[in-house]
Protein chains: 2
Amino acid sequence: MTILPQTPRTTAKRKSDRVEYDFDAICAVLDQSLVTHLGFVQDGSPFVLPTNAWRVGDGLYFHFATNGRFAQTLRGGAEICATVSLLDGLVLARSAMHHSVNYRSVMLFGVASEVTEAAEKNRVLMALVDKVWPGRAAIVRPPDAKELAVTAVFRLPIAEGSLKARSGQPVERHDDLALPVWGGVVPVVTVLGQAQADEYVPSGLELIQPDGRRTI
Amino acid sequence: MTILPQTPRTTAKRKSDRVEYDFDAICAVLDQSLVTHLGFVQDGSPFVLPTNAWRVGDGLYFHFATNGRFAQTLRGGAEICATVSLLDGLVLARSAMHHSVNYRSVMLFGVASEVTEAAEKNRVLMALVDKVWPGRAAIVRPPDAKELAVTAVFRLPIAEGSLKARSGQPVERHDDLALPVWGGVVPVVTVLGQAQADEYVPSGLELIQPDGRRTI
């Protein structure tokens, strides 16, 4: 069991929710979500960019256009914060102020490095395809040299960060419990809908479903 | 129809996805999501904090502990970026590099101001309850003076920002279309699960469902 170090920026000041630094628990959250919010400073302004990040080993990876402004900023050694949030439920209390949400979220801090070696770049990009749809990397056309050249891949080490979470029922003031108002949790669940083939799929060619069920 | 001004930081450099500045379209995204990722700089580091923001009129509101570090940072006039992202679908192409996601995301920029007047603070907090569960503000116990005092509410004007979106089928290279690989879109849908009452709900007291269906 690997535990990440606790640093000033990963130390929660508010103690009401659970905070942990366990590497495996952090990876489980990173692996479940397809949306990471990447924060950095550019021209003096904070930016929060939604992107499809993915994990390989102890790195979190993301890609941008090679000549884009985000790639330039990351190449310049910008400090970044990568946050992944999963909303698990609505917590409905009898008082307005004790409403809450159940969630899991990870914040990672650090500086990203660019992956430039072609074989490694190809390997991690194919891992992204398999994250989006497990098993698919083996059947799609892999990137060619030109496609790899216009895509910049960056790696943030999973070395400084934390997981925050809330679960369970509302926490209420004792004298509110008798109010004639329903209290409890309404789960929030993300599911996949019916696949919609495009016009080029020949009849009889079916989408291969990923092994196992995943939440996104 | 109100159109927000286009500024350097809201001008997309990459033109592949749709970008718009229409106030109503931006509000529709803000109103649909319960998770906003708030970016700001603190002690030189970018932070991206997931929070439950909500819109009233032309402001996006969020709350923090009155004495917490985030409230202090916002009170200091920090520039912030508030990003809301909705994942609508997985775009499965025949080539690795043309995989994508369908999404809608809003980025807002600016400086937040604190809402200090008690009646206004109460009004916008009750709007949050009604966002989480429409109709619920009318039946729960409203905040008392002490609860209002420990909660700081901030307002970011919806004045500088943009909406980015992708929808529709994969865009592929012509010579990939004949590959024997399924191509299309798999919708991603967020739904509410079965409500779980806590132990204090008397038998016969039911959760009042919000009017109409909402996606979260």
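**Exercise 1. The two chains together**

Task: Work out how many residues of chain A are in contact with chain B, and what the side of chain A that touches chain B is made of.

Solution. Start with the count: 86 residues of chain A are in contact with 86 residues of chain B. Keep in mind that this is a predicted model.

Next, look at the area. The two chains, A and B, bury about 7,000 Å² between them, and 67% of that is on carbon and sulfur atoms. Three residues stand out here: A:Met97, A:Arg141 and A:Trp182 supply 11% of the area that chain A buries against chain B, more than any other three residues.

Now for the polar side of the story. Between chain A and chain B, 33 residue pairs are in polar contact, with both residues at pLDDT 80 or more. Several elements of chain A each give at least two residues to the side that touches chain B, among them strand E2 (36–42), strand E7 (100–111) and helix H3 (118–132). The one that gives the most is E11(A), with nine residues.

Finish with the make-up of that side of chain A: 53 nonpolar, 19 polar and 14 charged residues.

**Exercise 2. Salt bridges across the interface**

Task: Find how many salt bridges there are between chain A and chain B, then trace where A:Arg94 and B:Asp198 lie.

Solution. The count between chain A and chain B is seven, while the structure holds 29 salt bridges over all chains.

Take one pair at a time. A:Arg94 forms a salt bridge with B:Asp198, and the closest N and O atoms are 2.7 Å apart. A:Arg94 sits in the loop between E6 and E7 of chain A, and B:Asp198 in the segment after strand E12 (196–197) of chain B, so this pair joins two chains. Are they buried or exposed? Both A:Arg94 and B:Asp198 are buried.

Another pair is A:Arg173 with B:Asp144, whose side chains meet in a salt bridge at 2.8 Å, N to O. Zoom out a bit and you'll see a network of salt bridges linking A:Arg173, A:Asp175, A:Asp176, B:Arg141, B:Asp144 and B:Glu147.

**Exercise 3. Salt bridges inside a chain**

Task: For A:Arg104 with A:Asp88, and for B:Glu120 with B:Arg123, say which elements the partners lie in.

Solution. First pair: A:Arg104 and A:Asp88 form a salt bridge with their closest N and O atoms 2.8 Å apart. A:Arg104 is in strand E7 of chain A and A:Asp88 in strand E6 of chain A, so the pair ties together parts that are 16 residues apart in sequence. How accessible are they? A:Arg104 is partly exposed, with a relative accessible area of 23%, and A:Asp88, at 26%, also counts as partly exposed.

Second pair: B:Glu120 forms a salt bridge with B:Arg123, the closest N and O atoms being 3.1 Å apart. These two are three residues apart in helix H3 (residues 118–132) of chain B, which means about one helical turn separates them. B:Glu120 is partly exposed, with a relative accessible area of 24%. B:Arg123 is partly exposed too, at 48%.

**Exercise 4. A positive phi**

Task: Locate A:Asp43 and B:Asp43, and decide whether each is buried or exposed.

Solution. Begin with the angle. Phi of A:Asp43 is near 50°, a positive value in a residue other than glycine. B:Asp43 has a positive phi of about 50°, and B:Asp43 isn't a glycine either.

Then find the place. A:Asp43 is in the loop between E2 and E3 of chain A, and B:Asp43 is in the loop between strand E2 (36–42) and strand E3 (45–51) of chain B.

Last step: exposed means over 50% relative accessible area. A:Asp43 has 80%, so A:Asp43 is exposed. B:Asp43 has 78%, so B:Asp43 is exposed as well.

**Exercise 5. Inside the core**

Task: Which residues touch the most other members of the largest nonpolar core?

Solution. This core has 70 residues, and A:Phe62 and B:Phe62 touch the most other members. Leaving out residues up to four places away in sequence, A:Phe62 touches residues including A:Leu38, A:Trp54, A:Leu74, A:Ile80 and A:Phe154.

**Exercise 6. A buried lysine**

Task: Is A:Lys131 buried or exposed, and how far is its C-alpha atom from that of A:Arg55?

Solution. Place A:Lys131 first: helix H3 of chain A. Buried means under 20% relative accessible area. A:Lys131 has 12%, so A:Lys131 counts as buried. The C-alpha atoms of A:Lys131 and A:Arg55 are separated by 8.7 Å, with the two residues 76 residues apart along the chain.

Conventions. Residues numbered from 1 in each chain as written. Chains lettered and ligands numbered in written order. Heavy atoms only, no water. Core = buried A, V, L, I, M, F, W, Y, C linked by side-chain atoms within 4.5 Å. Buried < 20%, exposed > 50% of the residue type's maximum accessible area, 1.4 Å probe, protein only. Contact = heavy atoms within 4.5 Å. Buried area = accessible area lost by both parts, 1.4 Å probe. Salt bridge = Lys/Arg side-chain N within 4 Å of Asp/Glu carboxyl O. Polar contact = N/O pair within 3.5 Å; in protein donor to acceptor, adjacent residues only side chain to side chain. Helix = DSSP H or I, 4+ residues; strand = E, 2+ residues; numbered from the N terminus. Nonpolar A, V, L, I, M, F, W, Y, C, P; charged D, E, K, R; others polar.
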